[in-house]
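Please take a moment to look over the chain before reading on. The paragraphs below are meant to be followed with the structure in view.

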Amino acid sequence: MTESTYDHGMKVRREVLSDAHVDRAEAKKDAFTEDFQELITNYAWGSIWTRPGLDRPTRSAITLTALIAGGYWEELEMHIRAALRNGLTEDEIKEVFLQSAIYCSVPAANTAFSIGRRVLEEERPASG
């Protein structure tokens with residue numbers, strides 16, 4: 001039996017966003033949002049994030065840029081964490097934000113840097 005697009009998408013979604021995040025989203029799912037959750041799992045995660053043409057760090061860099069361009073700040077926070085899980089370094093995330101300043105806008109990049117600094121500080125291992 002082959003893995004369905006939905007099942008494959010759920011696997012990738014969990015790997016990229018974390019089990020905790022997906023579990024929270026699934027727990028909040030109701031009759032109104034269930035179809036939307038199925039749509040993003042099938043298409044975003046099962047059909048796009050699983051394609052062989054780009055690796056996950058590249059997909060994360062593109063996603064960060066798109067979220068900055070659109071001003072989707074809550075999604076940006078989530079995808080900064082995902083980018084780290086996908087192997088982007090803090091310096092690479094900074095470079096994506098700098099590139100976005102030119103192509104998306106300086107004000108958008110300013111907001112991204114503010115969110116990024118907070119998220120990266122939260123994600124750094126505690127020293128001590």
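What follows moves from a pocket to the surface and then to the charged pairs.

The model shown here is predicted, and a good place to begin is its largest pocket, which holds about 660 Å³ of space. This pocket is lined by 22 residues, and those nearest its centre are Leu17, Ile40, Glu75, Met78 and His79. Two or more lining residues are given by each of helix H1 (5-17), helix H2 (19-28), H3, helix H4 (56-70) and H5, with the largest share, 6 residues, coming from H3.

One of the residues nearest the centre of this pocket, His79, deserves a closer look. Histidine 79 belongs to helix H5, which covers residues 73-85. Is histidine 79 buried or exposed? Its relative accessible area is 6%, and because buried means under 20%, histidine 79 counts as buried. Leaving aside residues up to four places away in sequence, histidine 79 touches Leu17, Trp45, Trp49, Thr63, Leu64 and Leu67.

On the outside, Phe36, Leu39 and Tyr43 make a nonpolar surface patch of about 350 Å². Leucine 39 sits in helix H3, which runs over residues 34-48, and with a relative accessible area of 45% leucine 39 is partly exposed.

The charged side chains come next, and the structure holds 12 salt bridges. In one of them, the side chains of arginine 14 and aspartate 23 meet at 2.8 Å, taken from N to O; arginine 14 is partly exposed at a relative accessible area of 26%, and aspartate 23 is partly exposed as well, at 39%. Another salt bridge is formed by glutamate 26 and lysine 29, whose closest N and O atoms are 2.8 Å apart. Here glutamate 26 has a relative accessible area of 22%, while lysine 29 has a relative accessibility of 27% and counts as partly exposed.

Further along the chain, glutamate 90 and arginine 124 form a salt bridge in which the closest N and O atoms lie 2.8 Å apart. This pair links distant parts of the chain, since glutamate 90 is in helix H6 (residues 90-103) and arginine 124 is in the segment after helix H7 (106-123), 34 residues apart. Glutamate 90 is partly exposed, with a relative accessible area of 30%, and arginine 124 is partly exposed with 41%. Elsewhere, salt bridges that share partners join Glu77, Arg81, Arg118, Glu122 and Glu123 into one network.

Definitions and conventions. Residues are numbered from 1 along each chain as its sequence is written. This is a predicted model: local features need pLDDT of at least 70, side-chain atom pairs count only at pLDDT 80 or more; totals for chains, interfaces and linings use all residues. Side-chain values use heavy atoms; hydrogens and water are left out. Patches are made of residues with over 30% relative accessible area and no salt bridge: like charges are joined within 9 Å, nonpolar side chains (Val, Leu, Ile, Met, Phe, Trp, Tyr) within 5 Å. Accessible areas come from the Shrake-Rupley method with a 1.4 Å probe; for residues, only the protein chains shown count as cover. A salt bridge is a side-chain nitrogen of Lys or Arg within 4 Å of a carboxyl oxygen of Asp or Glu. Helices (H or I, at least four residues) and strands (E, at least two) are DSSP runs, numbered from the N terminus. Buried means under 20% relative accessible area, exposed over 50%, partly exposed in between (1.4 Å probe, protein chains only). Contact means heavy atoms within 4.5 Å. On a 1 Å grid over the protein atoms alone, a cavity is a set of points where a 1.4 Å probe fits but cannot get out, and a pocket is an open set with protein on both sides within 12 Å along at least five of seven lines; lining residues have an atom within 4 Å of a point. Grid points are joined across faces, edges and corners, and a volume is the space filled by probe spheres set on the points.
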